[in-house]
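Biologist: I am new to reading protein structures and would love a close look at one small part, with its surroundings explained step by step. Could you walk me through it?

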Amino acid sequence: MTHFLFDGFDTAPVTILLAHGAGASMDSPSMTATAKALGTAGFQVARFEFHYMAARRYGHRKPPPRAETVNPEYIKAIADLRARGVTGKLIIGGKSMGGRVASMVADEMFEKGEIVGLVCLGYPFHPPGRPEQLRTKHLLDLKTPTLIFQGTRDEFGTKDEVATYGLSPAIEVVWLEDGDHDLKPRKAISGFSTGDHLKTVAETIKIRMAG
């Protein structure tokens, strides 16, 4: 059974399932702040870890696997969440690699009626400094209603680059001013705090997907 961390209210009509990025755990400061912001906005939030990350808690230092190899783990997490009695609308997603994995299983789950949407927090469109190595092929004809929240300083995909990708019309990219890959802005430059951006994330999901 998948181990989950829960935030928000178990009576919430919409649950958001989040996976972590390649290098940081489900209880990293960034993931925790995001889950708290979503919980405050009225969602139930469930976080989980892929096996390689969970193994690190026991001293097994495993590198991140190829993202597509953990697709079955994400599908199992959805089933395990339902098995725990979580009902109602479900949105899946995650931070960086976690969002990418969710995006690769989204259409299968959406067509089955398991989920209502997809949320990616800092999508890794390409490795930093290697814009030619795109991870967008499956995003061109994605059918699941999708929100991608991207900082304008994100090295994994800039605003100018993303504008050329021809993403599916089901995808809306929401740009967060001066945000880095963790959506964190420099307040002295942008006037925004990380909390401001996370509130925008939560409120946008509420308006677009939780109606």
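Modeller: Let's begin with Gly21, which touches Tyr52, Met53, Lys95, Ser96, Met97 and Gly98, leaving aside residues up to four places away in sequence. Keep in mind as you look that this is a predicted model. Gly21 sits in the loop between S2 and helix H1 (29-40). Is Gly21 buried or exposed? Gly21 counts as buried because its relative accessible area is 8%, and buried means under 20%. You can also find Leu121 from here: 100 residues separate Gly21 and Leu121 in sequence, yet their C-alpha atoms are 9.4 Å apart in space.

Now let's widen the view to the sheet. Here 7 strands form an open sheet, with mixed pairing, in the order S1-S3-S2-S4-S5-S6-S7. At the edges are S1 and strand S7 (171-176), each of which pairs on one side only. From one strand to the next, the twist averages 20°. S1 and S3 run antiparallel and are joined by 4 bridges. If you want a pair to look for, Phe6 stands opposite Ala46 in S3.

Helices pack around these strands. H4 packs on the sheet, where it touches S2, S4 and strand S5 (117-121), and its direction makes about 135° with that of S4. Helix H7 (residues 194-209) lies across S2, S4, S5, strand S6 (146-151) and S7, and runs at about 165° to S6.

Helix H3 is a nice one to trace from end to end. Its 13 residues, 71-83, reach 19 Å from the first C-alpha to the last, close to the 18 Å expected. Among the buried residues of H3 are Tyr74, Ala77, Ile78 and Leu81. The buried residues of H3 pack against several elements, including strand S2 (14-19), helix H2 (51-56), strand S4 (89-95) and helix H4 (97-111). Just after H3, look for Gly85, which takes a positive phi of about 95°.

For a second residue to set beside Gly21, try Gln150, found in strand S6. Gln150 is buried, since its relative accessible area is 0%. Its contacts, again leaving aside residues up to four places away in sequence, include Gly122, Tyr123, Phe125, Val173, Trp175 and Leu183. Finally, Gln150 and Lys199 are 49 residues apart along the chain, and 14 Å separates their C-alpha atoms.

Terms used:
Residues numbered from 1 in each chain as written. Predicted model: local features only at pLDDT ≥ 70, side-chain atom pairs only at ≥ 80, totals over all residues. Heavy atoms only, no water. Helix = DSSP H or I, 4+ residues; strand = E, 2+ residues; numbered from the N terminus. Expected span 1.5 Å × (residues − 1). Buried < 20%, exposed > 50% of the residue type's maximum accessible area, 1.4 Å probe, protein only. Contact = heavy atoms within 4.5 Å. Pairing = 2+ DSSP bridges. Axes fitted to C-alpha atoms, helices over the stretch in contact; angles between N-to-C directions.
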